[in-house]
Amino acid sequence: MNRQFLWAMMLFLLVISGYNQFVVLPRERAAKAAAEEQLKRAVNQNQSAVAAVQGAAKIAKAAPSKPEELITFNWQDADVTFSSKGAGIKKYTYKDVVEDVDITPFAGEGYFATLPTVDFAESARTQDSITFTGDVVPGFSVSKTYRFAQNGLHTLTLTFANNTAHDITLEPWAFNFGPGLGTVKSEEGDNERESKAVYLVQYQGRKKATLETLKPKGDNPGVYSPAAERAKEKNAPEDEFNWIWAGVQNRYFLSVIIPQNWTPGELSANSHVIGEKDRLWGLFGKGEVKGPQMTVQMPSVTVGAKSQKEYNSEFYMGPKDYQELLALPYHLDRSIEFGFFGALGKIARRILETFFNWTGNYGVAIILLTVCLQVLMFPLTRMSLRSTAQMRKIGPETKRLQEKYKGNPEALNREMLNLYKKHGVNPLSGCLPMLIQLPIFLALYNALRTSWALHGAGFMLWITDLSSKDPYYVLPILMGAVMFFQQKGNLPPGTDPSQAAMFKYMPLIFTLLFMNFPSGLVLYWLTNSLISFGIQTVVNKQVAANK
């Protein structure tokens, strides 16, 4: 028995030893090698500013890194602060009509930063441009010129200059976007959800360019590779799937780069912790706030002796004003998401702008737009309210039939159909107008909530910003009150108690829901409810008179 036990133990130890030798150790070596390779690649692409030299001569090492210096440039629309580390936009304070907005409030390299370990210094400045220059290594320099335009479509020129007698190859580098993008105070609560890394691409066979969101997958970055996309379409031209522009956006602001003389490369995006916020009004402590960071990967570049390589780009950094973006090239207006019923939303936006041009007040324009929609929907609205009023009128007979045929569902359904036929009532006609109005409401909801034109636009008295909530909640409370009386007048006698309770609490639910909605949207719904209530009152009297 002891001998068998010893043999079993020896066999067990042999198996364990073999497993460790031929399975575990090779896996650990492979994982370590992969980690080292990933670290090496990250250092080369994102942190290293060392150039490889092609030739016999060697270039001396770069000078020790200097402390970060911040350089401010004042433009008509914004105060821009650049970092000497990578010459990126570290702080962009947009001069808003309500109050200045820092749309880059989070720590990082800065927007459009390149080679962040290179020490850049300001080398030139005009009224509308600023240039930075730095040495990658002695004899091999890089310069970046930002030129600002009045229409908001600016230019960025990046130049590598090789003043040595040898060709120099620069390792892969990148443009940085993020982390995160700031917004106005009224939108800060939704900013985490609305901030996205995006790119615009023209797919083969599609009439319009498509806005895509680049999402990280777990701990792995989201990646978009034009080369991989081209491989899916063997007959497509090589540049068929190159993105048009890429960057970061939220509901109201956009920051993107638009390649000019260089082929768009791979995009990658990560999610970074950029702050914290109270969870459920602080009852559950603090929670993390995350924001997207996008990297525009650039391949290695070889610059010949005594020559230079130039990368020209256009870029946009500012508010998503639909009318202004529509006037610019590159389909920048596609960054504004109108939702599933986008076509209706765009029509509503154009009508709203027309009414504003007539009245000079967006609140009045919203009221006029609502009146137009009610006139358009009047036949269906009247049919719905008339059907509801008739259902109320035959309510006592309905209740009598329900009590009489309480234990016989088939007979109850038959008698109810006969009752509806006798009085010309169609119970489904009350739902049809609501189903038709739902797409219009959703389209208008997206049109109003994404409208930068409403930001800072006053209506009357305390409503000074139609894009933010009513500070005193007057509009949502009025809306809830109108809905309450409207529901009370619509509820037929004999309605199922659970259904009656749902209708009873619906005004309260809508009031609470609309508390933090943009006041412009609440104004639309309040006006809509008032008009519907007026039509309902007239229809009820007409139906009651026809006994």
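This section describes the overall composition, the aromatic pairs and one open sheet of a predicted protein model.

The protein comprises 547 residues, of which 44% are buried. Its secondary structure consists of twelve helices and 20 strands. Of the contacts between residues at least 6 apart in sequence, 66% join residues at least 24 apart. The accessible surface amounts to about 29,500 Å², and carbon and sulfur atoms account for 58% of this area.

Aromatic pairs number 31 in the structure. One of them is formed by Phe-160 and Tyr-311, whose ring centres lie 6.2 Å apart; the planes meet at 90°, and since an angle over 60 degrees counts as edge-to-face, the pair is therefore assigned to that class. The two partners come from distant parts of the chain: Phe-160 belongs to strand S9 (residues 153-162) and Tyr-311 to strand S20 (residues 307-319), with a separation of 151 residues. Phe-160 and Tyr-311 are both buried. Tyr-311 has a further partner in Lys-309, whose charged end sits over the Tyr-311 ring at 5.5 Å from the ring centre.

A second edge-to-face pair is found between Phe-253 and Trp-452, so classified because the planes stand at 65°, with the ring centres 5.3 Å apart. This pair, too, links distant parts of the chain. Phe-253 lies in strand S16 (residues 253-259), whereas Trp-452 is located in the loop between helix H9 (432-449) and helix H10 (474-490), the two residues being 199 apart. Both Phe-253 and Trp-452 are buried.

Ring pairs also give rise to a cluster. Its phenylalanine members are Phe-73, Phe-82, Phe-112, Phe-132, Phe-148, Phe-177 and Phe-315, and these are joined in the cluster by Trp-75, Tyr-111 and Tyr-146.

With regard to strand pairing, four strands form an open sheet with antiparallel pairing, arranged in the order S2-S3-S4-S5. Strand S2 (70-74) and strand S5 (101-102) are the edge strands, each of which pairs on one side only. Strand S2 is connected to strand S3 (residues 78-83) by five bridges, and the two strands run antiparallel. Within this arrangement, Leu-70 stands opposite Ser-83 in S3.

Methods. Residues are numbered from 1 along each chain as its sequence is written. This is a predicted model: local features need pLDDT of at least 70, side-chain atom pairs count only at pLDDT 80 or more; totals for chains, interfaces and linings use all residues. Side-chain values use heavy atoms; hydrogens and water are left out. Buried means under 20% relative accessible area, exposed over 50%, partly exposed in between (1.4 Å probe, protein chains only). Contact means heavy atoms within 4.5 Å. Accessible areas come from the Shrake-Rupley method with a 1.4 Å probe; for residues, only the protein chains shown count as cover. Rings of Phe, Tyr and Trp (its six-membered ring) pair if their centres lie within 6.5 Å; planes under 30 degrees apart count as stacked, over 60 as edge-to-face and the rest as tilted. A charge sits over a ring if NZ of Lys or CZ of Arg is within 6 Å of the ring centre and within 35 degrees of the ring normal. Two strands pair if DSSP finds at least two bridges between them.
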